[in-house]
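Take a look at the chain below. This report starts from one residue and works outward.

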Amino acid sequence: MSEHDAGFQAALEEAKKGASEGGVPIGACLVDKDGKILGRGHNMRVQNSSATLHAEIATLETAGRLPASAYKGATMYTTLSPCDMCTGACILYKVSRVVMGENNTFVGGDEYLKQRGIEVVNLKNAECEALMKEFIEKHPEDWWVIMRG
């Protein structure tokens, strides 16, 4: 797993799209075991005043209703450590691997994913971290609301 994977590049593109819309710069992409992109999306909490439209959830939504077998061996690429809700979604859909851009700006369910047998890869990507730090600096009021739940 690397920063050059098509899934990670798609997630990063989605994060940048979210940032360009004034939203939280978190993107995600779901890739099946054969490398096919099943879905991609970005956090829309700010844009849609949504409590639940996180990048991983938006990605699952764009993937559509798939048979359980589609998730077996799948990888969820996300630019930030997944929160508890998104961690739960990865567990529920039996995603095999979560590849995150970084977890310096926010630590989510990394350890719980590992406890549940899901491989977790942290790319420690400087661009993902810079996107989040810029958002937090420019929009502390939005980040505060997000962090409260």
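Leu 30 has contacts with many residues beyond its sequence neighbours. Leaving out residues up to four places away in sequence, Leu 30 touches Lys 36, Ile 37, Leu 38 and Gly 39. Further along, Leu 30 also touches Thr 59, Leu 60, Ala 63, Tyr 71, Ala 74, Thr 75, Met 76 and Val 95. Keep in mind that this is a predicted model.

Now widen the view. Leu 30 belongs to the largest nonpolar core, which has 27 residues. Leu 30, Met 76 and Leu 113 are the residues with the most contacts inside this core. Five elements give two or more residues each: strand S1, helix H3, helix H4, strand S4 and helix H6. H4 gives the largest share, four residues. Apart from this core lies another one, of 13 residues. Among them are Ala 10, Leu 12, Cys 29 and Val 99. Such groups fit a general trend: in soluble globular proteins, nonpolar side chains tend to be buried together.

Next, consider Ala 15. It lies in helix H1, which covers residues 6-20. Is Ala 15 buried or exposed? Its relative accessible area is 1%, so Ala 15 is buried, the cut-off being under 20%. Beyond residues up to four places away in sequence, Ala 15 touches Pro 25, Ile 26, Gly 27, Thr 79 and Leu 131. Ala 15 and Cys 128 are 113 residues apart in sequence. In space, their C-alpha atoms are 8.2 Å apart.

What about the whole chain? It contains seven helices and five strands. Along the sequence, they follow the pattern α-β-β-α-α-β-α-β-α-β-α-α. Of the contacts with a separation of 6 or more, 53% join residues 24 or more positions apart. The chain has 149 residues, so a compact globule would have a radius of gyration near 15 Å. The chain has 14 Å, which agrees.

Some values for the whole chain are collected here.

| Property | Value |
|---|---|
| Box filled by C-alpha atoms, along the principal axes | roughly 40 × 30 × 25 Å |
| Residues that count as buried | 50% of 149 residues |
| Exposed area | about 7500 Å² |
| Share of exposed area from carbon and sulfur atoms | 52% |
| Distance between the centres of positive and negative side chains | 7 Å |

Last, the charges. The chain carries 16 positive and 20 negative side chains.

Terms used. Residues are numbered from 1 along each chain as its sequence is written. This is a predicted model: local features need pLDDT of at least 70, side-chain atom pairs count only at pLDDT 80 or more; totals for chains, interfaces and linings use all residues. Side-chain values use heavy atoms; hydrogens and water are left out. The radius of gyration is taken over C-alpha atoms; the globule rule is 2.2 Å times the number of residues to the power 0.38. Buried means under 20% relative accessible area, exposed over 50%, partly exposed in between (1.4 Å probe, protein chains only). Contact means heavy atoms within 4.5 Å. Accessible areas come from the Shrake-Rupley method with a 1.4 Å probe; for residues, only the protein chains shown count as cover. Lys and Arg count as positive and Asp and Glu as negative; His and the chain ends are not counted. The place of a charge is taken as NZ of Lys, CZ of Arg, CG of Asp or CD of Glu. A nonpolar core is a set of buried Ala, Val, Leu, Ile, Met, Phe, Trp, Tyr and Cys residues joined through side-chain atoms within 4.5 Å.
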